[in-house]
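Here are my notes from going through the model you sent over. I've kept them to two topics, the DNA strand and the contact between the chains.

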2 protein chains.
Amino acid sequence: MGGANKPTSKREGMRRETLALILATAERHFADHGFKGATMQAIADEAKLPKANLHYYFPTKLELYRQVVERIFNIWLDAAESFDTQANPEQALGTYIRKKMEISRSHPYGSKVWANEVIHGAPIIHDYLETTLREWTDSRIEVITRWAAEGLIDPVNPRHLLYMIWSTTQHYADFSHQISTLNGGVPFNDAQWAQATECVTNIILKGIGVKRGDPG
Amino acid sequence: MGGANKPTSKREGMRRETLALILATAERHFADHGFKGATMQAIADEAKLPKANLHYYFPTKLELYRQVVERIFNIWLDAAESFDTQANPEQALGTYIRKKMEISRSHPYGSKVWANEVIHGAPIIHDYLETTLREWTDSRIEVITRWAAEGLIDPVNPRHLLYMIWSTTQHYADFSHQISTLNGGVPFNDAQWAQATECVTNIILKGIGVKRGDPG
DNA sequence: AATTGTTTTGACCAACTGGTCAGGTTGAAG
DNA sequence: CTTCAACCTGACCAGTTGGTCAAAACAATT
(Lines give C-alpha, C1' and ligand atoms only; values in the text may rest on other atoms or scores of the structure.)
Protein backbone atom coordinates (compact mmCIF):
# COMPACT_ATOMS: atom_id res chain seq x y z
CA MET A 1 0.00 0.00 0.00
CA GLY A 2 2.15 2.83 1.32
CA GLY A 3 5.71 3.47 0.14
CA ALA A 4 7.68 2.31 -2.87
CA ASN A 5 8.59 -1.21 -1.77
CA LYS A 6 11.68 -2.42 -3.50
CA PRO A 7 10.67 -5.49 -5.48
CA THR A 8 11.65 -8.34 -3.20
CA SER A 9 14.85 -9.76 -4.60
CA LYS A 10 15.49 -13.47 -4.75
CA ARG A 11 17.72 -13.04 -1.74
CA GLU A 12 15.10 -11.35 0.43
CA GLY A 13 12.50 -13.92 -0.50
CA MET A 14 14.73 -16.83 0.36
CA ARG A 15 15.73 -15.20 3.60
CA ARG A 16 12.13 -14.78 4.66
CA GLU A 17 11.31 -18.37 3.75
CA THR A 18 14.30 -19.77 5.59
CA LEU A 19 13.57 -17.73 8.69
CA ALA A 20 9.95 -18.88 8.71
CA LEU A 21 10.97 -22.49 8.17
CA ILE A 22 13.44 -22.42 11.03
CA LEU A 23 11.02 -20.72 13.40
CA ALA A 24 8.20 -23.14 12.62
CA THR A 25 10.43 -26.17 12.98
CA ALA A 26 11.98 -24.86 16.18
CA GLU A 27 8.54 -24.19 17.63
CA ARG A 28 7.57 -27.83 17.18
CA HIS A 29 10.80 -29.07 18.69
CA PHE A 30 10.66 -26.77 21.70
CA ALA A 31 7.05 -27.82 22.24
CA ASP A 32 7.80 -31.53 22.02
CA HIS A 33 11.08 -31.62 23.94
CA GLY A 34 11.39 -28.43 25.96
CA PHE A 35 14.17 -25.88 25.68
CA LYS A 36 16.98 -28.13 26.82
CA GLY A 37 15.57 -31.23 25.16
CA ALA A 38 15.39 -29.68 21.71
CA THR A 39 18.71 -29.71 19.88
CA MET A 40 19.94 -27.41 17.14
CA GLN A 41 21.01 -30.48 15.19
CA ALA A 42 17.53 -32.02 15.28
CA ILE A 43 15.89 -28.75 14.27
CA ALA A 44 18.40 -28.36 11.45
CA ASP A 45 17.84 -31.93 10.27
CA GLU A 46 14.07 -31.55 10.14
CA ALA A 47 14.40 -28.22 8.34
CA LYS A 48 16.91 -29.88 6.00
CA LEU A 49 19.55 -27.26 6.69
CA PRO A 50 23.06 -27.64 7.99
CA LYS A 51 23.32 -26.78 11.62
CA ALA A 52 25.83 -24.01 10.93
CA ASN A 53 23.18 -22.33 8.83
CA LEU A 54 20.85 -22.07 11.81
CA HIS A 55 23.56 -20.26 13.69
CA TYR A 56 23.92 -17.87 10.79
CA TYR A 57 20.31 -16.73 11.22
CA PHE A 58 20.07 -17.19 14.98
CA PRO A 59 23.42 -16.78 16.71
CA THR A 60 22.43 -18.81 19.77
CA LYS A 61 19.83 -21.37 20.73
CA LEU A 62 18.49 -18.98 23.34
CA GLU A 63 17.99 -16.28 20.72
CA LEU A 64 16.08 -18.71 18.50
CA TYR A 65 13.95 -19.67 21.47
CA ARG A 66 13.32 -16.03 22.31
CA GLN A 67 12.00 -15.33 18.85
CA VAL A 68 9.77 -18.40 18.96
CA VAL A 69 8.32 -17.20 22.25
CA GLU A 70 7.87 -13.69 20.88
CA ARG A 71 5.78 -14.99 17.98
CA ILE A 72 3.60 -16.83 20.43
CA PHE A 73 3.13 -13.77 22.53
CA ASN A 74 1.83 -11.90 19.50
CA ILE A 75 -0.76 -14.59 18.94
CA TRP A 76 -1.77 -14.22 22.56
CA LEU A 77 -2.12 -10.46 22.03
CA ASP A 78 -4.34 -11.14 19.05
CA ALA A 79 -6.74 -13.10 21.25
CA ALA A 80 -6.50 -10.53 24.00
CA GLU A 81 -7.82 -7.84 21.71
CA SER A 82 -10.91 -9.88 20.96
CA PHE A 83 -12.05 -9.31 24.55
CA ASP A 84 -14.15 -6.28 23.71
CA THR A 85 -14.59 -4.13 26.80
CA GLN A 86 -17.48 -2.27 25.17
CA ALA A 87 -19.61 -5.32 24.47
CA ASN A 88 -21.96 -7.04 26.88
CA PRO A 89 -20.66 -9.95 28.99
CA GLU A 90 -22.11 -12.67 26.79
CA GLN A 91 -20.55 -11.26 23.66
CA ALA A 92 -17.22 -10.17 25.14
CA LEU A 93 -16.58 -13.39 27.00
CA GLY A 94 -18.12 -15.64 24.36
CA THR A 95 -15.98 -14.17 21.62
CA TYR A 96 -12.89 -14.33 23.76
CA ILE A 97 -13.43 -17.96 24.72
CA ARG A 98 -14.14 -18.94 21.13
CA LYS A 99 -11.01 -17.14 19.96
CA LYS A 100 -8.91 -18.88 22.56
CA MET A 101 -10.30 -22.25 21.50
CA GLU A 102 -9.46 -21.47 17.89
CA ILE A 103 -5.90 -20.66 18.88
CA SER A 104 -5.62 -23.89 20.84
CA ARG A 105 -6.55 -25.68 17.66
CA SER A 106 -4.49 -23.68 15.18
CA HIS A 107 -1.38 -23.13 17.30
CA PRO A 108 -1.00 -26.13 19.57
CA TYR A 109 2.79 -26.01 19.52
CA GLY A 110 2.92 -22.36 20.43
CA SER A 111 0.58 -22.94 23.33
CA LYS A 112 2.75 -25.80 24.56
CA VAL A 113 5.90 -23.72 24.40
CA TRP A 114 4.18 -21.02 26.40
CA ALA A 115 2.92 -23.49 28.97
CA ASN A 116 6.37 -25.00 29.27
CA GLU A 117 7.85 -21.61 29.79
CA VAL A 118 5.42 -20.70 32.57
CA ILE A 119 5.73 -24.07 34.28
CA HIS A 120 9.48 -23.69 34.44
CA GLY A 121 9.29 -20.31 36.08
CA ALA A 122 8.91 -18.14 32.97
CA PRO A 123 12.59 -17.14 32.83
CA ILE A 124 12.23 -15.57 29.39
CA ILE A 125 8.73 -14.12 29.48
CA HIS A 126 8.79 -12.80 33.01
CA ASP A 127 8.85 -9.23 31.76
CA TYR A 128 5.80 -9.77 29.57
CA LEU A 129 3.91 -11.18 32.53
CA GLU A 130 4.76 -8.23 34.72
CA THR A 131 3.96 -5.56 32.15
CA THR A 132 1.69 -6.35 29.22
CA LEU A 133 -0.15 -9.29 30.73
CA ARG A 134 -0.66 -7.56 34.04
CA GLU A 135 -2.01 -4.39 32.42
CA TRP A 136 -4.37 -6.34 30.22
CA THR A 137 -5.54 -8.42 33.14
CA ASP A 138 -6.11 -5.40 35.36
CA SER A 139 -8.16 -3.66 32.68
CA ARG A 140 -10.39 -6.70 32.15
CA ILE A 141 -10.80 -7.21 35.86
CA GLU A 142 -12.16 -3.69 36.01
CA VAL A 143 -14.67 -4.43 33.28
CA ILE A 144 -15.79 -7.66 34.86
CA THR A 145 -16.14 -5.97 38.22
CA ARG A 146 -18.36 -3.35 36.58
CA TRP A 147 -20.53 -6.05 35.03
CA ALA A 148 -20.98 -7.60 38.43
CA ALA A 149 -21.83 -4.23 39.99
CA GLU A 150 -24.42 -3.66 37.27
CA GLY A 151 -25.92 -7.08 37.95
CA LEU A 152 -25.12 -8.39 34.48
CA ILE A 153 -23.24 -11.31 36.02
CA ASP A 154 -22.87 -12.87 39.45
CA PRO A 155 -20.35 -11.22 41.79
CA VAL A 156 -17.54 -13.65 41.01
CA ASN A 157 -13.88 -12.87 41.55
CA PRO A 158 -12.79 -11.71 38.08
CA ARG A 159 -9.29 -13.06 38.50
CA HIS A 160 -10.51 -16.62 38.92
CA LEU A 161 -12.88 -16.25 36.01
CA LEU A 162 -9.98 -15.28 33.76
CA TYR A 163 -7.86 -18.14 35.08
CA MET A 164 -10.70 -20.53 34.35
CA ILE A 165 -11.01 -19.29 30.78
CA TRP A 166 -7.27 -19.49 30.21
CA SER A 167 -6.81 -22.92 31.72
CA THR A 168 -9.87 -24.51 30.16
CA THR A 169 -9.19 -23.32 26.64
CA GLN A 170 -5.45 -23.88 26.67
CA HIS A 171 -5.93 -27.34 28.10
CA TYR A 172 -7.15 -28.52 24.70
CA ALA A 173 -3.79 -27.56 23.20
CA ASP A 174 -1.38 -28.29 26.03
CA PHE A 175 -2.88 -31.65 27.00
CA SER A 176 -3.77 -32.72 23.47
CA HIS A 177 -1.96 -36.01 23.89
CA GLN A 178 -4.04 -36.94 26.89
CA ILE A 179 -7.20 -35.81 25.17
CA SER A 180 -6.58 -37.73 21.98
CA THR A 181 -5.63 -40.81 23.99
CA LEU A 182 -8.98 -40.63 25.76
CA ASN A 183 -10.57 -40.01 22.37
CA GLY A 184 -9.61 -43.43 21.08
CA GLY A 185 -6.14 -42.33 20.05
CA VAL A 186 -7.33 -39.84 17.43
CA PRO A 187 -7.35 -36.03 17.61
CA PHE A 188 -10.60 -34.10 17.71
CA ASN A 189 -12.40 -33.63 14.40
CA ASP A 190 -14.29 -30.50 13.37
CA ALA A 191 -17.50 -31.48 15.14
CA GLN A 192 -15.70 -32.34 18.36
CA TRP A 193 -13.87 -29.03 18.39
CA ALA A 194 -17.15 -27.23 17.82
CA GLN A 195 -18.79 -29.14 20.64
CA ALA A 196 -15.89 -28.51 22.99
CA THR A 197 -16.06 -24.80 22.26
CA GLU A 198 -19.80 -24.66 22.78
CA CYS A 199 -19.67 -26.74 25.93
CA VAL A 200 -16.91 -24.67 27.51
CA THR A 201 -18.62 -21.42 26.60
CA ASN A 202 -21.97 -22.52 27.94
CA ILE A 203 -20.71 -23.84 31.26
CA ILE A 204 -18.62 -20.77 31.99
CA LEU A 205 -21.25 -18.23 30.96
CA LYS A 206 -23.97 -20.01 32.87
CA GLY A 207 -21.58 -20.56 35.77
CA ILE A 208 -21.16 -16.84 36.32
CA GLY A 209 -24.85 -16.14 35.79
CA VAL A 210 -24.60 -14.19 32.56
CA LYS A 211 -27.90 -12.68 31.51
CA ARG A 212 -28.24 -14.20 28.04
CA GLY A 213 -29.46 -12.11 25.14
CA ASP A 214 -31.85 -14.84 24.03
CA PRO A 215 -33.56 -16.34 27.08
CA GLY A 216 -35.59 -18.66 24.86
CA MET B 1 -1.27 -54.66 62.82
CA GLY B 2 -0.09 -57.43 60.50
CA GLY B 3 3.06 -59.54 60.75
CA ALA B 4 6.08 -59.36 62.97
CA ASN B 5 7.89 -56.35 61.53
CA LYS B 6 11.60 -56.55 62.13
CA PRO B 7 12.56 -53.45 64.13
CA THR B 8 13.84 -51.03 61.51
CA SER B 9 17.59 -51.11 61.70
CA LYS B 10 19.70 -47.99 61.38
CA ARG B 11 20.46 -49.10 57.82
CA GLU B 12 16.84 -49.41 56.78
CA GLY B 13 15.98 -46.07 58.30
CA MET B 14 18.80 -44.29 56.53
CA ARG B 15 17.91 -45.98 53.29
CA ARG B 16 14.32 -44.80 53.49
CA GLU B 17 15.39 -41.28 54.33
CA THR B 18 17.90 -41.11 51.50
CA LEU B 19 15.41 -42.47 48.98
CA ALA B 20 12.80 -39.95 50.06
CA LEU B 21 15.30 -37.11 49.94
CA ILE B 22 16.43 -38.00 46.44
CA LEU B 23 12.89 -38.40 45.14
CA ALA B 24 11.73 -35.10 46.61
CA THR B 25 14.73 -33.22 45.28
CA ALA B 26 14.45 -34.84 41.88
CA GLU B 27 10.75 -33.95 41.70
CA ARG B 28 11.56 -30.28 42.16
CA HIS B 29 14.31 -30.36 39.58
CA PHE B 30 12.25 -32.21 36.98
CA ALA B 31 9.42 -29.75 37.58
CA ASP B 32 11.65 -26.70 37.26
CA HIS B 33 13.82 -27.82 34.35
CA GLY B 34 12.12 -30.70 32.59
CA PHE B 35 13.54 -34.18 32.15
CA LYS B 36 16.44 -33.21 29.97
CA GLY B 37 17.09 -29.93 31.74
CA ALA B 38 17.45 -31.50 35.17
CA THR B 39 20.90 -32.95 35.79
CA MET B 40 21.93 -35.72 38.14
CA GLN B 41 24.73 -33.48 39.36
CA ALA B 42 22.38 -30.65 40.29
CA ILE B 43 19.99 -33.03 42.06
CA ALA B 44 22.93 -34.57 43.91
CA ASP B 45 24.29 -31.18 44.91
CA GLU B 46 20.97 -30.01 46.31
CA ALA B 47 20.49 -33.27 48.17
CA LYS B 48 24.09 -32.95 49.41
CA LEU B 49 25.05 -36.37 48.11
CA PRO B 50 27.77 -37.36 45.70
CA LYS B 51 26.40 -38.02 42.25
CA ALA B 52 27.62 -41.60 42.31
CA ASN B 53 25.39 -42.18 45.29
CA LEU B 54 22.32 -41.28 43.29
CA HIS B 55 23.26 -43.92 40.80
CA TYR B 56 23.56 -46.43 43.61
CA TYR B 57 19.90 -45.99 44.46
CA PHE B 58 18.63 -45.21 40.97
CA PRO B 59 20.74 -46.84 38.25
CA THR B 60 19.68 -44.38 35.55
CA LYS B 61 18.19 -40.93 35.31
CA LEU B 62 15.22 -42.40 33.48
CA GLU B 63 14.57 -44.82 36.32
CA LEU B 64 14.67 -41.97 38.85
CA TYR B 65 12.25 -40.02 36.69
CA ARG B 66 9.95 -43.04 36.40
CA GLN B 67 9.71 -43.36 40.15
CA VAL B 68 9.02 -39.65 40.52
CA VAL B 69 6.20 -39.95 38.02
CA GLU B 70 4.86 -43.05 39.73
CA ARG B 71 4.58 -41.21 43.04
CA ILE B 72 2.64 -38.49 41.31
CA PHE B 73 0.31 -40.97 39.74
CA ASN B 74 -0.53 -42.36 43.16
CA ILE B 75 -1.47 -38.89 44.33
CA TRP B 76 -3.68 -38.58 41.29
CA LEU B 77 -5.31 -41.91 42.19
CA ASP B 78 -5.93 -40.60 45.69
CA ALA B 79 -7.92 -37.69 44.27
CA ALA B 80 -9.68 -39.94 41.78
CA GLU B 81 -11.11 -42.04 44.60
CA SER B 82 -12.67 -38.98 46.17
CA PHE B 83 -15.08 -38.79 43.24
CA ASP B 84 -17.80 -40.77 44.96
CA THR B 85 -20.07 -42.34 42.36
CA GLN B 86 -22.75 -42.99 44.99
CA ALA B 87 -23.08 -39.41 46.12
CA ASN B 88 -25.20 -36.70 44.53
CA PRO B 89 -23.62 -34.41 41.91
CA GLU B 90 -23.03 -31.54 44.24
CA GLN B 91 -21.23 -33.66 46.76
CA ALA B 92 -19.33 -35.89 44.33
CA LEU B 93 -18.09 -33.07 42.13
CA GLY B 94 -17.62 -30.60 44.96
CA THR B 95 -15.49 -32.99 46.94
CA TYR B 96 -13.50 -33.93 43.88
CA ILE B 97 -12.81 -30.32 42.90
CA ARG B 98 -11.81 -29.42 46.42
CA LYS B 99 -9.50 -32.40 46.61
CA LYS B 100 -7.85 -31.45 43.34
CA MET B 101 -7.35 -27.89 44.53
CA GLU B 102 -5.74 -29.21 47.71
CA ILE B 103 -3.37 -31.31 45.65
CA SER B 104 -2.47 -28.33 43.49
CA ARG B 105 -1.49 -26.56 46.64
CA SER B 106 0.29 -29.39 48.42
CA HIS B 107 2.01 -30.98 45.43
CA PRO B 108 2.77 -28.22 42.94
CA TYR B 109 5.97 -29.86 41.72
CA GLY B 110 4.32 -33.18 41.10
CA SER B 111 1.59 -31.51 39.13
CA LYS B 112 4.16 -29.69 37.03
CA VAL B 113 6.06 -32.86 36.27
CA TRP B 114 2.84 -34.49 35.18
CA ALA B 115 1.90 -31.54 32.99
CA ASN B 116 5.34 -31.54 31.44
CA GLU B 117 5.07 -35.20 30.72
CA VAL B 118 1.70 -34.85 29.00
CA ILE B 119 2.74 -31.76 27.03
CA HIS B 120 5.72 -33.63 25.65
CA GLY B 121 3.66 -36.54 24.44
CA ALA B 122 3.50 -38.56 27.64
CA PRO B 123 6.28 -40.97 26.63
CA ILE B 124 6.50 -42.50 30.11
CA ILE B 125 2.92 -42.40 31.31
CA HIS B 126 1.24 -43.37 28.06
CA ASP B 127 0.28 -46.75 29.49
CA TYR B 128 -1.37 -45.17 32.52
CA LEU B 129 -3.39 -42.91 30.26
CA GLU B 130 -4.61 -45.79 28.14
CA THR B 131 -5.49 -48.08 31.02
CA THR B 132 -6.11 -46.67 34.48
CA LEU B 133 -7.01 -43.14 33.45
CA ARG B 134 -9.27 -44.28 30.64
CA GLU B 135 -11.13 -46.74 32.85
CA TRP B 136 -11.62 -44.18 35.57
CA THR B 137 -12.77 -41.59 33.05
CA ASP B 138 -15.22 -43.96 31.40
CA SER B 139 -16.75 -44.92 34.71
CA ARG B 140 -17.24 -41.29 35.73
CA ILE B 141 -18.64 -40.40 32.35
CA GLU B 142 -21.25 -43.07 32.94
CA VAL B 143 -22.18 -41.57 36.29
CA ILE B 144 -22.37 -38.05 34.93
CA THR B 145 -24.49 -39.23 32.03
CA ARG B 146 -26.87 -40.85 34.49
CA TRP B 147 -27.12 -37.63 36.48
CA ALA B 148 -28.03 -35.80 33.32
CA ALA B 149 -30.61 -38.40 32.39
CA GLU B 150 -32.14 -38.08 35.85
CA GLY B 151 -32.30 -34.33 35.47
CA LEU B 152 -29.91 -33.69 38.37
CA ILE B 153 -27.65 -31.65 36.08
CA ASP B 154 -27.87 -30.14 32.60
CA PRO B 155 -27.17 -32.48 29.68
CA VAL B 156 -23.53 -31.46 29.30
CA ASN B 157 -20.89 -33.58 27.62
CA PRO B 158 -19.28 -35.32 30.61
CA ARG B 159 -15.89 -35.47 28.94
CA HIS B 160 -15.64 -31.71 28.68
CA LEU B 161 -16.83 -31.28 32.23
CA LEU B 162 -14.00 -33.51 33.44
CA TYR B 163 -11.48 -31.64 31.30
CA MET B 164 -12.69 -28.39 32.75
CA ILE B 165 -12.26 -29.65 36.29
CA TRP B 166 -8.80 -31.01 35.55
CA SER B 167 -7.54 -27.95 33.74
CA THR B 168 -8.98 -25.39 36.11
CA THR B 169 -7.71 -27.01 39.28
CA GLN B 170 -4.30 -28.00 37.95
CA HIS B 171 -3.82 -24.53 36.53
CA TYR B 172 -3.23 -23.22 40.04
CA ALA B 173 -0.23 -25.55 40.38
CA ASP B 174 1.16 -25.64 36.85
CA PHE B 175 0.92 -21.90 36.22
CA SER B 176 1.75 -20.85 39.75
CA HIS B 177 4.49 -18.54 38.51
CA GLN B 178 2.07 -16.62 36.33
CA ILE B 179 -0.51 -16.52 39.09
CA SER B 180 1.88 -15.26 41.72
CA THR B 181 3.25 -12.66 39.30
CA LEU B 182 -0.28 -11.36 38.79
CA ASN B 183 -0.73 -11.53 42.54
CA GLY B 184 1.91 -8.89 43.18
CA GLY B 185 4.76 -11.38 43.08
CA VAL B 186 3.63 -13.34 46.10
CA PRO B 187 2.00 -16.79 46.22
CA PHE B 188 -1.57 -17.26 47.36
CA ASN B 189 -2.18 -17.20 51.09
CA ASP B 190 -4.70 -19.37 52.92
CA ALA B 191 -7.62 -17.07 52.27
CA GLN B 192 -6.83 -16.77 48.58
CA TRP B 193 -6.63 -20.52 48.18
CA ALA B 194 -9.94 -20.88 49.95
CA GLN B 195 -11.53 -18.28 47.71
CA ALA B 196 -10.09 -19.84 44.56
CA THR B 197 -11.49 -23.21 45.59
CA GLU B 198 -14.89 -21.80 46.37
CA CYS B 199 -15.02 -19.73 43.21
CA VAL B 200 -14.03 -22.60 40.94
CA THR B 201 -16.47 -24.96 42.62
CA ASN B 202 -19.34 -22.51 42.41
CA ILE B 203 -18.87 -21.58 38.77
CA ILE B 204 -18.57 -25.17 37.60
CA LEU B 205 -21.46 -26.50 39.65
CA LYS B 206 -23.71 -23.64 38.63
CA GLY B 207 -22.45 -23.90 35.06
CA ILE B 208 -23.76 -27.42 34.68
CA GLY B 209 -27.01 -26.62 36.46
CA VAL B 210 -26.48 -28.75 39.55
CA LYS B 211 -29.54 -28.85 41.75
CA ARG B 212 -28.04 -27.60 45.01
CA GLY B 213 -28.94 -29.31 48.27
CA ASP B 214 -29.50 -25.96 49.96
CA PRO B 215 -31.39 -23.65 47.61
CA GLY B 216 -31.53 -20.97 50.31
C1' DA C 1 33.69 -9.72 -16.44
C1' DA C 2 35.15 -8.15 -12.19
C1' DT C 3 33.95 -6.89 -7.58
C1' DT C 4 31.63 -7.05 -3.35
C1' DG C 5 28.81 -8.32 0.35
C1' DT C 6 25.73 -12.13 1.65
C1' DT C 7 24.82 -16.84 2.38
C1' DT C 8 26.12 -21.74 2.84
C1' DT C 9 28.68 -25.52 4.71
C1' DG C 10 31.85 -29.29 6.51
C1' DA C 11 35.07 -29.83 9.94
C1' DC C 12 36.26 -28.88 14.34
C1' DC C 13 36.36 -27.81 19.52
C1' DA C 14 35.43 -27.16 24.44
C1' DA C 15 32.08 -27.94 27.90
C1' DC C 16 28.81 -30.73 29.87
C1' DT C 17 26.55 -34.92 31.35
C1' DG C 18 25.04 -39.70 32.26
C1' DG C 19 27.07 -43.46 33.74
C1' DT C 20 31.08 -46.64 35.52
C1' DC C 21 34.32 -48.58 38.68
C1' DA C 22 37.69 -49.81 42.00
C1' DG C 23 38.60 -49.20 46.46
C1' DG C 24 37.23 -47.55 50.97
C1' DT C 25 33.83 -47.31 54.94
C1' DT C 26 30.26 -48.94 57.93
C1' DG C 27 26.75 -51.53 60.36
C1' DA C 28 25.09 -55.99 61.58
C1' DA C 29 25.58 -60.95 62.58
C1' DG C 30 28.19 -64.84 64.46
C1' DC D 1 37.10 -59.63 67.12
C1' DT D 2 36.11 -61.29 62.59
C1' DT D 3 33.50 -61.60 58.58
C1' DC D 4 30.58 -60.07 55.11
C1' DA D 5 27.38 -57.69 52.62
C1' DA D 6 25.56 -53.26 52.06
C1' DC D 7 26.76 -48.65 51.27
C1' DC D 8 29.58 -44.62 49.87
C1' DT D 9 32.62 -41.87 46.87
C1' DG D 10 36.45 -39.57 44.00
C1' DA D 11 38.20 -40.12 39.71
C1' DC D 12 37.39 -41.21 35.29
C1' DC D 13 35.28 -42.01 30.47
C1' DA D 14 32.57 -41.72 26.21
C1' DG D 15 28.89 -39.52 23.89
C1' DT D 16 26.43 -35.42 23.04
C1' DT D 17 25.76 -30.60 22.04
C1' DG D 18 26.11 -25.51 21.41
C1' DG D 19 28.90 -22.82 19.05
C1' DT D 20 33.09 -21.38 15.81
C1' DC D 21 35.61 -20.72 11.60
C1' DA D 22 37.70 -20.56 7.23
C1' DA D 23 36.74 -21.43 2.82
C1' DA D 24 33.46 -22.04 -0.89
C1' DA D 25 29.17 -20.75 -3.47
C1' DC D 26 26.20 -17.29 -4.82
C1' DA D 27 23.49 -13.11 -6.08
C1' DA D 28 23.56 -8.38 -7.00
C1' DT D 29 25.94 -4.20 -8.69
C1' DT D 30 29.29 -1.67 -11.47
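**Notes on DNA strand C and the A–B contact**

1. Start with α3(A): with four residues, this helix gives the most to the surface near DNA strand C. Keep in mind while reading that this is a predicted model.

2. Both chains have a hand in holding that surface together on paper: α1 (10–37) and α3 (51–57) of chain A, and α1 (10–37) and α3 (51–57) of chain B, each supply at least two residues of the surface near DNA strand C.

3. Which residues should you click on to begin with? Of the 18 residues around DNA strand C, the ones that come nearest are Tyr56(A), Tyr57(A), Arg11(B), Lys51(B) and Lys61(B). By class, the surface near the strand has seven nonpolar, five polar and six charged residues.

4. What part of the DNA does the protein meet? Taking the atoms of DNA strand C within 4 Å of the protein, 57% belong to sugar or phosphate, and the rest belong to bases.

5. Some phosphate contacts are worth a look. On chain A, the side chain of Tyr57(A) has an N or O atom 2.7 Å from a phosphate oxygen of DNA strand C. The side chain of Arg15(A) also places an N or O atom by a phosphate oxygen of the strand, here at 2.9 Å. On chain B, Met40(B) uses its backbone: an N or O atom there lies 3.0 Å from a phosphate oxygen of DNA strand C.

6. Now the protein–protein side. How many residues does each chain put into the contact? Chain A gives 53 residues and chain B gives 53 residues. The size of an interface is often given as the accessible area lost when the parts come together. For chain B and chain A the buried area is about 4700 Å², with carbon and sulfur atoms giving 66% of it.

7. On the polar side of things, there are two salt bridges between chain B and chain A. One of them joins Asp154(A) to Lys206(B), whose closest N and O atoms are 2.5 Å apart. Across the interface, 16 residue pairs are in polar contact, counting pairs with both residues at pLDDT 80 or more.

8. Which elements of chain B touch chain A? Those giving two or more residues are α1, α6 (108–119), α7 (126–149), α8 (158–174), α9 (176–182) and α10 (190–207) of chain B. Of these, α8(B) gives the most, with eleven residues. By class, the side of chain B that touches chain A has 22 nonpolar, 22 polar and nine charged residues.

Terms used: Residues numbered from 1 in each chain as written. Chains lettered and ligands numbered in written order. Predicted model: local features only at pLDDT ≥ 70, side-chain atom pairs only at ≥ 80, totals over all residues. Heavy atoms only, no water. Near = heavy atom within 4 Å. Polar contact = N/O pair within 3.5 Å; in protein donor to acceptor, adjacent residues only side chain to side chain. Nonpolar A, V, L, I, M, F, W, Y, C, P; charged D, E, K, R; others polar. Contact = heavy atoms within 4.5 Å. Buried area = accessible area lost by both parts, 1.4 Å probe. Salt bridge = Lys/Arg side-chain N within 4 Å of Asp/Glu carboxyl O.
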